[in-house]
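Me: I would like to learn how to read a protein model step by step, starting from the whole chain and working inwards. Could you take me through it, giving the general idea before each case?

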Amino acid sequence: MKHSIIFLLFFFVIVATNHAQKFITSGTVEYEVKTNIKKGLEGEDDMWSRALIDKIPAFTVNYYSYSFTDNKGLYKFDRTGDKQKISSWLTGVEEDNIWYNDYQAHKYSNLITIDNYNIVEGDEKKIKWKLSPSETTVIAGFNCRKASAILFDSVYVFAYYTEEIPISGGPMNMHGLPGLILGLTIPRLYSSWIATSLKLDVTTPVAPPVKGKKVTETFVINALKEYGKRWTGGDKFTNKLIWRTFL
């Protein structure tokens with residue numbers, strides 16, 4: 001009888017734990033985003049880059065919040081960890097930018113600040129993920145599996161996602177995995193994203209941005225290219241800025 005009671009208690013604990021994990025549908029994640037900005041300048045032989053590389057720290061560190069509920073996600077800037085002010089051309093940080101995704105409808109809506117507030121809407125681009133289930137790690141207390149993909153024809157992306165939080169989202173417009181992305185690395189941007197804290201089952205308003213003029217993706221890409229021509233050497237960072245904007 002005693003053994004039966006212990007078995008039943010053990011069984012109900014397992015069921016309760018699995019039930020709690022299965023129904024995590026809302027929460028807020030904080031990501032620490034770290035970029036090696038000096039790496040991005042290495043190999044540049046112009047006077048502007050040589051002068052700049054001695055004046056900046058090796059890394060820029062910024063924090064973003066990602067709120068999710070009802071199979072929708074909202075990712076935006078929260079605060080910087082930098083002690084020194086660094087140009088957004090180097091950090092890739094535009095503090096007013098917002099990434100909104102409706103994963104069920106497969107739609108996105110981004111607020112992008114280029115001289116003004118602009119909203120780009122459209123269908124989520126299909127990401128062809130390659131899963132590596134045997135490669136695992138633990139991030140913020142959650143078991144994660146590795147996946148990889150190639151974006152923009154040549155940009156490798158490595159992600160760690162957890163099936164314990166079954167929402168197909170993560171930083172920016174990253175989507176399409178069977179769980180929430182808690183870790184992300186993009187070597188060509190010398191950048192990594194890592195979840196540092198999670199507040200689960202906390203509902204934060206998640207809605208698409210409304211402040212801005214609706215424009216096309218092509219308009220934004222052309223505007224970024226023109227924007228890069230305003231500074232000597234600015235065109236060298238245009239592609240990276242485009243990648244960061246539409247990831």
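The dialogue below goes from overall content to the core, the cavities and a few single residues.

Me: What should I keep in mind before reading, and how many helices and strands are there in the protein?

Reply: Keep in mind that this is a predicted model, and begin with the elements that the later steps refer to. The protein has six helices and 12 strands. Of its 247 residues, 45% are buried, and its accessible surface comes to about 13,700 Å², with 56% of that belonging to carbon and sulfur atoms.

Me: How do I read contacts along the chain, and what share of those between residues at least 6 apart in sequence join residues at least 24 apart?

Reply: The idea is to ask how far apart in sequence the two partners of a contact lie. Here, among contacts between residues at least 6 apart in sequence, 58% join residues at least 24 apart. One case to look at is Ile-186 and Thr-35, which are 151 residues apart along the chain while their C-alpha atoms are separated by 9.7 Å.

Me: Which residues of the largest nonpolar core touch the most other members?

Reply: A nonpolar core is read as a set of buried nonpolar residues joined through their side chains. The largest one has 40 residues, and within this set Trp-129 and Leu-182 touch the most other members. Two or more residues come from each of strands S1 (27-36), S2 (59-69), S3 (72-80), S8 (142-151), S9 (155-162), S10 (180-186) and S11 (191-200). There is also a second, separate core of 11 residues, which includes Ile-112, Val-120, Ala-223 and Leu-241.

Me: Which residues does Leu-182 touch, once its neighbours up to four places away are set aside?

Reply: The partners of Leu-182 include Val-29, Tyr-31, Ile-139, Phe-142, Cys-144, Trp-193, Ala-195 and Leu-198. You can then move to one of these partners, Ala-195, which sits in strand S11 and in turn touches Val-29, Glu-30, Tyr-31, Ile-139, Ala-140 and Leu-182, again without counting residues up to four places away.

Me: Why does Ala-195 count as buried?

Reply: The label depends on relative accessible area, and buried means a value under 20%. Ala-195 is buried because its relative accessible area is 5%. Ile-186, in strand S10, has a relative accessible area of 0% and is therefore buried too; its contacts beyond four places in sequence are Val-155, Tyr-156, Val-157, Ser-191, Trp-193 and Leu-247. Thr-69, in strand S2, counts as buried at 11% relative accessibility, and beyond its neighbours within four places it is in contact with Thr-25, Ser-26, Thr-203, Thr-204 and Val-206.

Me: Where is Lys-125 found, and how is its exposure classed?

Reply: Lys-125 lies in the loop between strand S6 (116-123) and strand S7 (130-139). At 48% relative accessibility it counts as partly exposed, because that class covers the values between buried and exposed, the latter being over 50%. Leaving aside neighbours within four places, Lys-125 is in contact with Tyr-108, His-175 and Glu-217, and its C-alpha atom is separated by 9.0 Å from that of His-175, 50 residues away along the chain.

Me: How do I read cavities, and how many of 30 Å³ or more are counted?

Reply: Rolling a probe the size of a water molecule over the atoms shows where empty space is left. The count here comes to four cavities of 30 Å³ or more. The second largest holds about 110 Å³ of space, and of the 14 residues that line it, Glu-94, Asn-97, Leu-224, Leu-241 and Thr-245 are the closest to its centre. The lining divides into eight nonpolar, four polar and two charged residues, with at least two residues supplied by each of strand S5 (107-114), helix H5 (217-228) and helix H6 (238-246).

Me: Is H6 mostly covered or mostly open?

Reply: To judge a helix, look at how many of its residues are buried. H6 is mostly covered, with seven of its nine residues buried, among them Leu-241, Ile-242, Trp-243 and Thr-245.

Me: Which residue in the loop between S8 and S9 deserves a look at its backbone?

Reply: Phi is the backbone angle to look at here. Phe-152, in the loop between S8 and S9, has a phi near 50 degrees, a positive value in a residue other than glycine. Its side is partly exposed, with a relative accessible area of 34%. His-106, in the loop between strand S4 (98-102) and S5, also has a positive phi, near 60 degrees.

Methods. Residues are numbered from 1 along each chain as its sequence is written. This is a predicted model: local features need pLDDT of at least 70, side-chain atom pairs count only at pLDDT 80 or more; totals for chains, interfaces and linings use all residues. Side-chain values use heavy atoms; hydrogens and water are left out. A nonpolar core is a set of buried Ala, Val, Leu, Ile, Met, Phe, Trp, Tyr and Cys residues joined through side-chain atoms within 4.5 Å. Buried means under 20% relative accessible area, exposed over 50%, partly exposed in between (1.4 Å probe, protein chains only). Helices (H or I, at least four residues) and strands (E, at least two) are DSSP runs, numbered from the N terminus. Contact means heavy atoms within 4.5 Å. Accessible areas come from the Shrake-Rupley method with a 1.4 Å probe; for residues, only the protein chains shown count as cover. On a 1 Å grid over the protein atoms alone, a cavity is a set of points where a 1.4 Å probe fits but cannot get out, and a pocket is an open set with protein on both sides within 12 Å along at least five of seven lines; lining residues have an atom within 4 Å of a point. Grid points are joined across faces, edges and corners, and a volume is the space filled by probe spheres set on the points. Ala, Val, Leu, Ile, Met, Phe, Trp, Tyr, Cys and Pro count as nonpolar, Asp, Glu, Lys and Arg as charged, and the others, Gly among them, as polar.
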